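Visitor: I would like a close look at a single part of this model, set in the context of the whole chain. Please give the cut-offs behind each term as you go.

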Amino acid sequence: MVILSLRFLAEVPILYYLLGIMLCAIFVNTGFYLHFESRPINNPVEDTSEALDPDEDTSKALSQGADASKSLIVSDDPSKLPDAPVSVNYFPSRECNYACGFCFHTATTSYVLPIAEAMRGLRLLKEAGMRKLNIAGGEPFLHPKLLTQLLRYCKEELGVESTSIVSNGSKIREKWMRDNCQWLDILAISCDSFNPETNINIGRGDDGKNTDRLFRIAEWCRTYGVKFKLNTVVNVYNWNEDMVDNIEKLAPFRWKVFQCLIVAGENDDETRKRDARKFLVSDAQWRTFCEWHKHLPCFVPEDNNCMASSYLHLDEYMCFLDKGEGMITQSQSILEVGVKAAMQEIVWDKKSFLERGGIYDWGRSDMKNVQQSACGSVNKSGSVQNMGKKGACDGVNRKDIDF
Ligand code: SF4
């Protein structure tokens with residue numbers, strides 16, 4: 001049989017022989033291909049990668065990673081943590097050269113921390129997530145060298161995003177502005193009236209020159225690239241004053257207007273350093289002042305309800321103060337127990353802080369192409385910056401709750 005087959009093959013022409021080999025090869029390859037094409041695809045990785053775009057792919061990978069990936073998505077930026085002290089009002093000294101009748105941070109002590117301790121406290125705050133530091137008082141410019149050291153340390157060593165000062169304006173000199181402006185983003189000046197007699201009645205100095213100083217300081221701020229801001233306390237002596245013309249001339253980027261406030265333990269009766277009860281305005285008087293001025297783009301009103309527990313106040317010992325409802329309370333010092341533990345001893349309403357726009361464009365006026373303009377801050381296209389939502393706080397326009 002084998003011999004017969006060999007004889008048959010020997011008689012087949014070579015061309016038929018080659019053709020047979022080619023047909024066999026085509027059949028074998030086609031069968032192999034069809035076999036693998038018809039197999040169900042059961043590789044989940046290939047399937048998922050075809051279905052997702054790059055962003056979805058990333059988020060799905062993170063969620064699929066569950067616990068293992070959690071540590072990767074938690075930010076290492078402390079200011080993003082839920083209870084970070086994002087914006088802090090620090091009162092390094094209670095001393096003041098004025099005697100405003102409604103003052104709610106009175107000179108109950110003359111203590112000032114040694115600078116090394118103050119710096120240590122600022123570092124703790126920064127490590128806990130502080131982004132903005134406001135220095136108030138007392139009158140901060142009674143200690144100009146201390147101010148310089150604090151501001152410089154915040155900017156050069158800690159990299160704090162924004163620094164600001166609230167001052168009564170009586171002790172600021174142009175030389176200080178020139179030498180220190182690089183470490184200062186915002187300068188806020190208290191201004192309750194443009195009438196010398198009213199200022200004297202309130203207790204804001206006795207020379208009647210507050211307005212002259214105010215215009216000089218506003219000019220220095222423009223010269224040295226510091227944002228200029230005004231703070232006004234509406235009280236029994238100024239609730240019916242029309243300030244529109246002067247505010248427009250001064251052109252602050254922000255004008256904070258507070259309703260005169262009683263703080264238990266500070267100014268609530270005749271046993272305290274101040275008794276603010278005789279300076280209080282009725283709600284109707286407060287609304288009258290707001291109605292006259294609310295059309296100004298820089299106008300930021302803050303009634304008594306808005307102030308409660310929305311600020312993080314740090315006193316001269318670096319203890320947090322709770323000036324919300326009831327008697328003022330004081331935490332232990334952050335220098336002794338740390339920032340987190342001290343914050344747990346007071347109430348800070350961060351939700352209200354955020355809802356009121358407590359985080360805003362708080363850099364210097366020469367940053368981000370933003371310039372100061374008449375009672376507002378305008379960019380190159382002329383649109384107003386930092387306008388908050390309407391409605392909060394007595395139905396008037398408010399944008400932030402910073403000092
Ligand atoms: S200037 Fe400020 S700190 Fe000084 S008394 Fe007046 S409100 Fe108080």
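Guide: Of the 403 residues in the chain, 35% are buried, where buried means that 20 or more other C-beta atoms lie within 10 Å of the residue's own, exposed means 12 or fewer, and partly exposed lies in between, with C-beta atoms placed from the backbone. This is a predicted model, in which local features need pLDDT of at least 70 and side-chain atom pairs count only at pLDDT 80 or more, while totals for chains, interfaces and linings use all residues. Residues are numbered from 1 along each chain as its sequence is written.

The secondary structure comes to 16 helices and twelve strands; helices (H or I, at least four residues) and strands (E, at least two) are DSSP runs, numbered from the N terminus. Among the contacts in the chain with a separation of 6 or more, 73% are accounted for by residues 24 or more positions apart, a contact being two residues whose C-beta atoms, placed from the backbone, lie within 7 Å.

The part to look at closely is helix H6, residues 144–158. With 15 residues at 1.5 Å a residue, H6 should span 21 Å, and its end C-alpha atoms are 20 Å apart, which agrees; the expected span is 1.5 Å times one less than the number of residues. Within H6, the residues Leu147, Leu150, Leu151 and Cys154 are buried. An α-helix has 3.6 residues a turn, so residues three or four places apart point the same way. The buried residues of H6 pack against helix H5 (115–127), strand E2 (132–135), strand E3 (162–167) and helix H7 (174–180). Just after H6, Gly159 takes a positive phi of about 65°.

Two of those partners, E2 and E3, belong to an open sheet of ten strands with mixed pairing, in the order E7-E6-E5-E4-E3-E2-E1-E8-E9-E10, where two strands pair if DSSP finds at least two bridges between them. Its edge strands, each pairing on one side only, are strand E7 (299–302) and strand E10 (329–333). H6 packs on this sheet by touching E2 and E3, and its direction makes about 160° with that of E3; such axes are lines fitted to C-alpha atoms, for helices over the stretch in contact, and angles run from 0 to 180 degrees between N-to-C directions.

In E3, six of the six residues are buried, with Ser162, Ser164 and Val166 on one side and Thr163, Ile165 and Ser167 on the other, so both faces are covered by the burial criterion. E2 and E3 run parallel and are joined by four bridges, with Asn134 standing opposite Ser164 in E3. In E2, Lys132 and Asn134 point one way and Leu133 and Ile135 the other, and all are buried. On the far side of this pairing in the strand order, E1 and E2 also run parallel, joined by four bridges, and Ile135 in E2 is the bridge partner of Tyr90. Strand E1 (residues 87–90) in turn pairs with strand E8 (residues 313–314) in the parallel sense over two bridges, where Asn89 stands opposite His313 in E8.
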